[in-house]
Amino acid sequence: MAPSATVDEIAPMHLPAHSKRSTINASVLHGPRDLRLETRHIDEPGIGELQIAVKSTGICGSDVSYYKKFANGDLCACAPLSLGHESSGVVVAIGPQAGGFKIGDRVALEVGLPCGQCSICRKGRYNLCKKMRFRSSAKSVPHFQGTLQERINHPAIWCHKLPEHVSFEAAALLEPLSVAIHAVNRACPVPGSTALVMGAGTVGLLTAAMARQSGCTNVTITDVDAGRVDYAVQRGFATHGYVVPRPLHSSSSSSSIFTNSGASTPPDAGVMTPASLFSNSIQGQLEGAKALASDILALTKPPPGLEMDDEDDGVDITFECTGKEVCMHTCLYATRPGGKLIMVGMGTPIQTLPMSAAHLREIDILGIFRYANTYPTGIRLLCSQSRGGAGYSFPSLDEMVTHRFKGLNAAKGAFELASRTVDDDGNLVLKVVIEA
């Protein structure tokens, strides 16, 4: 059972007389866009804990949501909260019974702490533990503070040693890579499978790369942002890309209307396609989703004479990485009979879906929540990058970091930039990292 890291909770506590405390700086969110640099006290690491000097933290979409709204979906913060959960660092102190580590070890942090005792945990699916405490999430009260602090105490069993050649930035990105690994593990693709990934954010890109790593021959990625689609294809995350027409207006409902033409990427893989018009009626939305799915599938249509039967049209696996209802519609229509749809993105909690499209064609709809038992796999992937060799070369995680901010005092600027798709110079914003 993982010990409680009480040092990271904002709650009154009674310290034993022998405990030693030191002072650290922390970036603390007090409300929407109210980010403050504060001084906190940290104890020596407790039983089974390591004290980690945090070196690199990537900003996740959920962090941006908390920053902008002091909430992430249905989870509303009710107390000051340090954000950050994509992190790596160095061991600077070792608590009792935390064997296998030494001062100076470089580690990646797995920041979700399950109870370790329930039946779900014993089955190895600890990501579903009802008592899970996850750093930078407002779900547990007192909130479990995130990694945007100079140092944190963290259970040794959730600290993963890193090879010397793996950078702190790449190690921080093991967290979103773990989501992608878990998604592909749930999909179980066989060699030669085809896949579609909707959403070219960090998780979408890494999911596409993992699909290729797992043997998918054609992997198409889609997004409304042409820069991200181009990046995905040029850097080898996906084999094909499609720019989805931008909606006329944005809302939390499914009534967005697509009015611009969609373009395929790379240019020689297709031509400009007619707009998919989504009306305000559910039937109009579904017809638009069917048309969009048809346009996307046309990119990888086999040459004349090699086409499959029309009833077998579609990809083997779709990964929905946006959480948007309209994208779920498109994924259902783009999946072949007997295929799988993996729900990766968390967005609209209640959706209207054409369930008959799944039911009558036996499409398996599988959800994923974070990850479990994935960090060792991710570290092995990073190790294989240095060796090279035949086969698919996994894209560089370091190159996914497009912007870096130095020090916790620069956190506000980092969050503002992370909420955008391009910077002031027109450069793509993909992954923003705060360095120590």
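**Exercise 1. Placing an unusual residue**

Where in the chain is the place of N373? Work out its position, and then describe its backbone.

*Solution.* Before starting, keep in mind that the structure above is a predicted model. As a starting step, locate the residue: N373 belongs to the loop between strand 18 (364-367) and helix 10 (375-387). The next step is to look at the backbone, where N373 has a phi near 60°, a positive value in a residue other than glycine. Such a value deserves a remark because most residues other than glycine have a negative phi.

**Exercise 2. Further backbone features**

Describe the backbone at R33 and at P142, and say where each residue is placed.

*Solution.* Begin with R33, which is not a glycine and yet has a positive phi of about 60°. Its place is in the loop between strand 1 and strand 2, and with a relative accessible area of 37% R33 counts as partly exposed. Turn then to the peptide bond that leads from V141 to P142, which is cis, with omega near -5°. P142 itself is in the loop between strand 9 and strand 10. As for how this compares with proteins in general, most peptide bonds are trans.

**Exercise 3. The overall make-up of the chain**

How many helices and strands are there in the chain, and what percentage of its residues is buried?

*Solution.* Counting the elements gives 11 helices and 20 strands. Of the 436 residues in the chain, 53% are buried. A further step concerns contacts between residues at least 6 apart in sequence, among which 66% join residues at least 24 apart.

**Exercise 4. Helix 1 and its surroundings**

At what angle do helix 1 and helix 11 pack, and which residues meet where they do so?

*Solution.* Two packed helices are described by the angle between their axes and the distance between the axes. Helix 1 (residues 61-69) and helix 11 (residues 411-418) have axes 10 Å apart and pack at an angle of about 110°, which makes helix 1 roughly perpendicular to helix 11. From helix 1, the residues D63, V64 and Y67 take part, and they meet K412, F415, E416 and A418 of helix 11. Sorted by type, the residues of this contact are 4 nonpolar, no polar and 3 charged.

The next step widens the view to the burial of helix 1, in which S62, D63, V64, S65, Y66 and Y67 are buried. The partners against which the buried residues of helix 1 pack include strand 1 (21-31), strand 2 (34-43) and strand 3 (49-58), as well as helix 11.

The last step follows the chain to F70, which comes just after helix 1 and takes a positive phi of about 60°. F70 lies in the loop between helix 1 and strand 4, and its relative accessible area of 13% makes it buried, because the limit for that class is under 20%. Beyond its neighbours within four places in sequence, F70 is in contact with several residues, among them L29, H30, P32 and C76.

**Exercise 5. Aromatic rings and charges**

What is the arrangement of the rings of Y126 and W158, and which rings have the charged end of an arginine over them?

*Solution.* The count of aromatic pairs comes to 5. In the pair of Y126 and W158 the ring centres are 5.0 Å apart and the planes stand at 50°, so the pair is tilted. Y126 lies in the loop between helix 2 (119-122) and strand 9 (133-134), and W158 in the loop between strand 10 (151-155) and strand 11 (159-161), so the pair ties together parts that are 32 residues apart in sequence. Both Y126 and W158 are buried. As for the charges, the charged end of R106 sits over the ring of F168, 4.6 Å from its centre, while that of R133 sits over the ring of F144, 4.1 Å from its centre.

**Exercise 6. Two buried residues**

Are H182 and L162 buried or exposed, and what do they touch?

*Solution.* H182, found in helix 4 (residues 174-187), is buried, with a relative accessible area of 11%. Apart from neighbours within four places in sequence, its contacts include N127, I368, F369 and R370. L162, in the loop between strand 11 and helix 3 (168-172), counts as buried at 10% relative accessibility. Leaving out residues up to four places away in sequence, L162 touches S88, R106 and I379, among others. Finally, the C-alpha atoms of L162 and L382 are separated by 9.6 Å, although these residues are 220 residues apart along the chain.

Conventions: Residues numbered from 1 in each chain as written. Predicted model: local features only at pLDDT ≥ 70, side-chain atom pairs only at ≥ 80, totals over all residues. Heavy atoms only, no water. Axes fitted to C-alpha atoms, helices over the stretch in contact; angles between N-to-C directions. Helix = DSSP H or I, 4+ residues; strand = E, 2+ residues; numbered from the N terminus. Parallel < 35°, antiparallel > 145°, perpendicular 65-115°, else oblique. Contact = heavy atoms within 4.5 Å. Nonpolar A, V, L, I, M, F, W, Y, C, P; charged D, E, K, R; others polar. Phe/Tyr/Trp six-rings, centres within 6.5 Å; stacked < 30°, edge-to-face > 60°. Buried < 20%, exposed > 50% of the residue type's maximum accessible area, 1.4 Å probe, protein only. Lys NZ or Arg CZ within 6 Å of the ring centre and 35° of its normal.
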